[in-house]
Amino acid sequence: SRQTVASRPERRFRLWAAAFPALWGEEYSCEHGSAKYLALCGLGGAVSCGLTHTGVVPLDLVKCRMQAEPSRYRGMLQGFALTLQEDGVRGLAKGWAPTCVGYSLQGLFKFGLYEVFKLRYADILGPERAYLWRTSLYLAASASAEFFADIALSPMEAAKVRIQTQPGYANTLRAVLPKMYVEEGLWAFYKGVAPLWMRQIPYTMMKFACFERTLEALYVYVVPKPRSECSMPEQLGITFVAGYIAGIFCAIVSHPADSVVSVLNKEKGSSAMEVLKKLGFIGVWKGLFPRILMIGTLTALQWFIYDSVKVYFRLPRPPPPEMPASLKEGY
């Protein structure tokens with residue numbers, strides 16, 4: 001009996017350790033850049049984006065209503081109070097289903113294809129130019145990935161905005177999709193893809209490039225020891241900080257287009273240019289502060305979850321890039 005009692009904690013420890021094998025220095029589960037690696041990166045992106053965007057649906061709902069009806073929703077706190085007064089607590093969760101589905105699909109393509117394009121463009125440039133032009137490499141890879149990610153996101157984004165900004169139109173994903181299709185056909189789901197590109201491509205370029213360079217700078221100038229000597233929790237914490245810094249810049253560069261998308265998906269028959277003229281310069285910046293809070297937190301959590309998924313599946317996590325030996329000789 002003593003042996004049985006003594007073995008229970010040991011068994012629990014072995015089971016826990018088996019769930020996080022990368023923490024104990026075991027081999028990677030696949031090669032960097034392999035099909036399995038890229039597929040699991042896509043899965044990590046789907047999990048990170050789906051969870052985080054669904055988690056901030058109440059904040060996103062009030063932000064969209066501030067953009068679509070600024071006369072009624074004059075501020076964040078007043079917007080929350082008005083939503084609770086009119087729709088109750090359940091009203092704050094409106095649009096959660098299209099948000100979860102749409103941003104999971106977007107994350108799948110965004111993170112998965114970013115890894116694909118980053119590797120491909122680096123191969124084209126070669127190691128020296130890939131290092132010297134790494135910021136441009138991050139920008140090009142992320143823009144290419146987001147182009148396809150937004151095509152996957154557009155139908156669900158249109159449905160989400162219609163649910164959140166048109167009271168009484170539809171309350172569920174099952175109800176809104178056929179209604180939109182009957183009224184406007186497939187155009188209802190893709191009329192916002194161009195302004196979505198305007199919003200998401202600059203956002204994603206900033207998200208990835210700023211994150212990569214911030215992470216590199218943190219390890220060089222802030223963290224007092226090399227990454228190889230940092231524990232896994234320390235590495236994930238640094239990932240979170242770099243993600244939040246990137247998220248602040250993401251929110252600023254993408255907010256005007258986000259305002260256009262919110263109004264465009266609410267109003268039938270409008271074009272992006274018509275909405276832009278209607279909003280004006282001041283109007284497109286409505287709701288910026290709550291968006292900074294939302295996107296900063298979102299981006300930090302997305303990078304943290306994405307990196308954690310890589311740890312869980314024992315995927316290779318290359319350190320920040322170092323200057324190739326051939327360039328060091330030149331210096």
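How many nonpolar, polar and charged residues does the lining of the largest cavity have? In this predicted model, that lining has eight nonpolar, six polar and nine charged residues. The cavity encloses about 180 Å³ of space, and the structure holds two cavities of 30 Å³ or more. The largest cavity is lined by 23 residues, of which H53, Y103, R199, R291 and M294 are the closest to its centre. At least two lining residues are supplied by each of α3 (57-68), α5 (96-125), α7 (134-165), α10, α11 (232-264) and α13.

Two of the helices that contribute to this lining, α10 and α13, also pack against each other. Helix α10 (residues 193-222) meets helix α13 (residues 288-312) at an angle of about 55°, and their axes are 12 Å apart. This angle makes α10 oblique to α13, and the crossing of the two helices is right-handed. On the α10 side, the contact is made by R199, Y203, K207, F208 and F211, and on the α13 side by R291, I295, T299, Q302 and W303. By class, the residues of this contact comprise five nonpolar, two polar and three charged. R199 and R291 thus appear both in the contact of α10 with α13 and among the residues closest to the centre of the largest cavity.

Helix α13 also packs with α11, at an angle of about 140° and with the axes 6 Å apart. Angles over 145 degrees count as roughly antiparallel and those of 65 to 115 as roughly perpendicular, with parallel packing confined to angles under 35; α11 and α13 are therefore oblique to each other. The crossing in which α11 passes α13 is right-handed. The residues of the contact between α11 and α13 divide into 17 nonpolar, nine polar and three charged.

The largest pocket has a volume of about 790 Å³. Its lining consists of 34 residues, and those closest to its centre are K118, E212, P318, P319 and P321. Two or more lining residues are given by each of α5, α6 (127-132), α7, α10, α11 and α13. Among these elements, α5 provides the largest share of the pocket lining, with six residues. The lining of the largest pocket divides into 19 nonpolar, four polar and 11 charged residues. Helices α5, α7, α10, α11 and α13 give residues to the lining of the largest pocket and likewise to that of the largest cavity.

Definitions and conventions. Residues numbered from 1 in each chain as written. Predicted model: local features only at pLDDT ≥ 70, side-chain atom pairs only at ≥ 80, totals over all residues. Heavy atoms only, no water. Axes fitted to C-alpha atoms, helices over the stretch in contact; angles between N-to-C directions. Helix = DSSP H or I, 4+ residues; strand = E, 2+ residues; numbered from the N terminus. Left-handed = near helix turned anticlockwise from the far one by under 90°. Contact = heavy atoms within 4.5 Å. Nonpolar A, V, L, I, M, F, W, Y, C, P; charged D, E, K, R; others polar. 1 Å grid on protein atoms, 1.4 Å probe; cavity = no way out; pocket = protein on both sides within 12 Å on 5 of 7 lines; lining within 4 Å. Points joined across faces, edges and corners; volume = space filled by probe spheres on them.
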